Amino acid sequence: MNNTPVFDSFKSRHIGPRNNDINEMLKAVNAESLDKLIDETVPDSIRTDKPLNTGSGMSEYEFLNKLRDITSKNKLYKNYIGLGYFPAVLPAVIQRNILENPGWYTQYTPYQAEISQGRLEALLNYQTVIADMTGFHVSNASLLDEGTAAAEAMLMTKSLRKGPKANANVIFVSEECYPQTIEVVKTRAVPVGVKVVTGDHRTFELTDDVFAVLVQYPASEGQIYDYTGFFANAKSKGINTIVAADLMSLAMLKTPADMGADIAVGSTQRFGIPLGFGGPHAAYFATKEEYKRQIPGRIIGISIDVHNKRALRMALQTREQHIKREKATSNICTSQVLLAIMAGMYAVYHGPDGIKNIAARIHKYASALNESIISANYEQLNSNFFDTLKIKADEKIIKDVWKKAEALKINLRYGRDFIGISIDETTTANDIAVLASLFTGRENIDQVEKLIADEQLSGKYIPESMKRTTPFLTNRIFKRYHAEMEMMRYLKSLENKDLSLTGSMIPLGSCTMKLNAATEMLGITYPEIANIHPFAPADQSKGYAEMINDLGKDLCEITGFDGISFQPNSGAQGEYTGLMVIREYHIKRGDTQRNIILIPHSAHGTNPASAVMAGMKVVVVECDDHGNINMEDLKKKAEDNKENLAGIMVTYPSTHGVFEESIVELCDIIHKNGGQVYMDGANMNAQVGLTSPGRIGADVCHLNLHKTFSIPHGGGGPGVGPIAVAKHLTEYLPAHAFVKTGGEHGISSVSSAPFGSAGVLVIPYAYIKMMGGEGLTEATKMAILNANYVKDKLQGYYKVLYTGKNGRVAHELIFDTREFKHSAKVDVIDIAKRLMDYGFHAPTVSFPVGGTLMFEPTESESKEELDRFCEAMIKIREEIDEVEKGIASDTDNVLHNAPHTCESICSDKWEHPYSREKAAFPVDSLRTGKFWPTVGRINDAYGDRNLVCSCPPVDDYL
């Protein structure tokens, strides 16, 4: 029994409507009770017959005590393991004002650019950092991790093949790339028919069947190679070149562009981002101008608004999987926006001189350590290095050093015949003395300080030909904010330009913008969570293991499945992983021909893109007039393809906002024809505690922990997309190169880190533990009530496109606004922009049906906030009605000119036929608290025609 007092119940903090509000809302939707509403909404055939067994809900105080107990089981060591993960210093001004600030972390992906100018500027800064550091002209706004970025580069170069290389199918990957990167590239290569060949770039023969090469810079074990000649040879043979480069090293080393590379990828983790047991970290991707339309992920570009004022937006969106679907070359949806913003601001705060100094200090300290070790007659094998030493060692030396290091709580990298030591930003002179003592037998801080002071050591182990000669971070943005007061004000000024959950609801359908509670967020900055290396010995991460195992059990209980993998670090990555598990299942059974995936016409754009990346062929299943999957079409296509059917991808409830009655029959049809059922977990917020993918009959499901389980969206990431599977698929869950995880016959890694973005798993863990099984179920019921309440409140004003058989909707619904285009020349985008004037982010625009708005309120929104949204929507309908009746102009009206900025309202020039008051204050509540968009409606076409995706150098301002 839960003895937590009601007033200390987290459930009551998370769920918005109060008991008296719920009674009023039930009357409004004509339901006798909440349970009766659920009975009318969710088919009885799929309802679970037992309550969730995830424990009773804890109070916030109880949970934090439990979390401290768990995290105390993690051991904090000094980490010099390297391998792409380095301790870093997160400036407190960035931690406090971005990472721990809901004004930043509760924002959504900036699709509505006019109310997203702050984070768009922050991402433009980030893109500029990446472009400057790598020497390229074009960078995207982040990818998931370094391994994924390398795999995306491989897929991009594959799409670029032409002429003699049109059928080339080999990518050469240097054996000195990070092992986890090689594994992820291999995983992505196999289903699309690419052969990965590893070896030594110095001796490998570039044959006609090679279309791309991938190298590490500096190499995995620390050596610096000049790839200029290798790349020139590759270019002469029509082969694209990819460099996975350490971002911090590029402050001192020749840029990838200067070496002749086509693409540079890597991690920005060293720019102030905590280790987090492997993530989340923002990966970067930079390339030449000529490839700007092929680059994966999102790009922030500069455009103009209706007032000819500079405005930022996401550029070239027709490249994205939402548009291209099965023709997409990437399934990237969520990236790592919050982490990219932090990394970009790290560069803003330190500026070019600060970054140079940090890099120079790292190299100087590594050089001092090298001098100390070789003076003790050890052989250091890297002739040229930036931060990593490779000391030759036999078994006896390794055992001796390990024993001493363990006693001092130091982690090094131990190879078969070497010891690796990677120096980082946090390393001090005392640390160098301690490290040297592992080999020399005594600490000599005086000797170390003397070496550090020796100017001849500066850059000693970087050849002149490999030293950077080009400037970077030359834009004035990187010159201005080095004092904390100025930096704090800059960050606040950007935050104030953006609409987040701190100001109003963000009712995006299929996005589940619920509360990200402060208590859930606290754990991510605990040192025992933030500072654990993903490849540290297992006895140092027992707290993580306990939390991950416990969270996994709870999610298996919630989904009705038997196994789970946390490796996928986005929803789209989860889709891909689930399909790869299904693929492996068929292969192991000898059904290698099974490669047909059925996908309903209403599916997310990531679904077909993920299917193609997993080597599947997509067959689209039509929907009927009620928005449901056409079961006759499904049955026919399943039977027609029964010999080759791999499975189906289905979202439940559907993206049309309905619990389809035929879902169990659908699963039966697929299984009878030899396929597996993949359930997209985007809409799990309507399932938890009422039904489950396992109960319904699915075989695998990905979960969006950044939706259903309260990880914040962060303006477009981090996302976490674990997959849960039925018992027969558990043996195929993904493995990892360094850490034992996954099934006995697991597919190779899908992400760089063994548990993906482990550093934020504490958030869903907190959510589930504090809500408890009863609270989770009540949250689902309230999400459904909130959606039906808004539906009925707006009845008579807007048509709802689809409902269930009892006239109910699930946790989301689609408002059909297409008629207004004919009656008033008002498009759905006009309504979306006008909502900004009322202080709201629009529901999802034109998905899954063009010209509509998909609305999802979540359980966290109060009745007061729902009523405020309904008031705005009703008022907008009245504004449309004025156009329809000829009272307002059909060309110059509040809808077509929305959003209205403060500057335009205050301008001496006002030539519109409606008043300024009508434009800015259409409802009284706005007079006491108004969010002002900082730009007018943005010219999308101009931004794509004149693509600029970085800040210009300072000379451009002179």
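Here are four short exercises with worked solutions on this predicted model.

Local features were taken at pLDDT of at least 70 and side-chain atom pairs only at pLDDT 80 or more, while totals for chains, interfaces and linings use all residues. Residues are numbered from 1 along each chain as its sequence is written, and side-chain values use heavy atoms, with hydrogens and water left out.

**Exercise 1. Describe how helix α21 packs on helix α22.**

Step 1: find the two helices. α21 covers residues 571-588 and α22 covers residues 606-613; helices here are DSSP runs of H or I with at least four residues, strands are runs of E with at least two, and both are numbered from the N terminus.

Step 2: take the geometry. The helices pack at an angle of about 45°, with their axes 9 Å apart. Axes are lines fitted to C-alpha atoms, for helices over the stretch in contact, and angles run from 0 to 180 degrees between N-to-C directions.

Step 3: classify the angle. That value makes α21 oblique to α22, since angles under 35 degrees count as roughly parallel, over 145 as roughly antiparallel, 65 to 115 as roughly perpendicular and the rest as oblique.

Step 4: list the contacts (heavy atoms within 4.5 Å). From α21 come A572, E575, Y576 and L579, which meet T606, N607, S610, A611 and M613 of α22. Sorted by class, this contact has 5 nonpolar, 3 polar and 1 charged residues. Ala, Val, Leu, Ile, Met, Phe, Trp, Tyr, Cys and Pro count as nonpolar, Asp, Glu, Lys and Arg as charged, and the others, Gly among them, as polar.

**Exercise 2. Work out the surroundings of strand β7.**

Step 1: look at burial (under 20% relative accessible area, with exposed over 50% and partly exposed in between, using a 1.4 Å probe and protein chains only). In β7, residues 263-267, 5 of its 5 residues are buried.

Step 2: separate the faces. In a regular strand the side chains alternate between the two faces of the sheet. For β7, one side carries I263, V265 and S267 and the other A264 and G266, all buried.

Step 3: identify the neighbours; strands pair if DSSP finds at least two bridges between them. Strand β6 (residues 240-245) pairs with β7 in the parallel sense over 3 bridges, and V243 stands opposite A264. Strand β8 (residues 283-287) runs antiparallel to β7, joined by 5 bridges, with I263 opposite T287.

**Exercise 3. Give the strand order of the open sheet that holds β11, β13 and β14.**

Step 1: the order is β11-β14-β13, with antiparallel pairing. Step 2: β11 (388-392) and β13 (413-414) are the edge strands, each pairing on one side only. Step 3: β13 and β14 (residues 418-422) share 2 bridges, and G420 in β14 is the bridge partner of R413.

**Exercise 4. Locate the cis peptide bonds at P718 and P899 and the positive phi values of L473 and S510.**

Step 1: recall the background. Most residues other than glycine have a negative phi, and most peptide bonds are trans.

Step 2: place the cis bonds. One joins G717 and P718, with omega about 20°, and P718 sits in the loop between β20 (700-703) and β21 (723-725). Another joins A898 and P899, with omega about 0°; P899 belongs to the loop between α29 (863-884) and α30 (902-906).

Step 3: check phi. L473 has phi near 55° and is buried, at a relative accessible area of 0%. S510 has phi near 70° and is also buried, at 3%.
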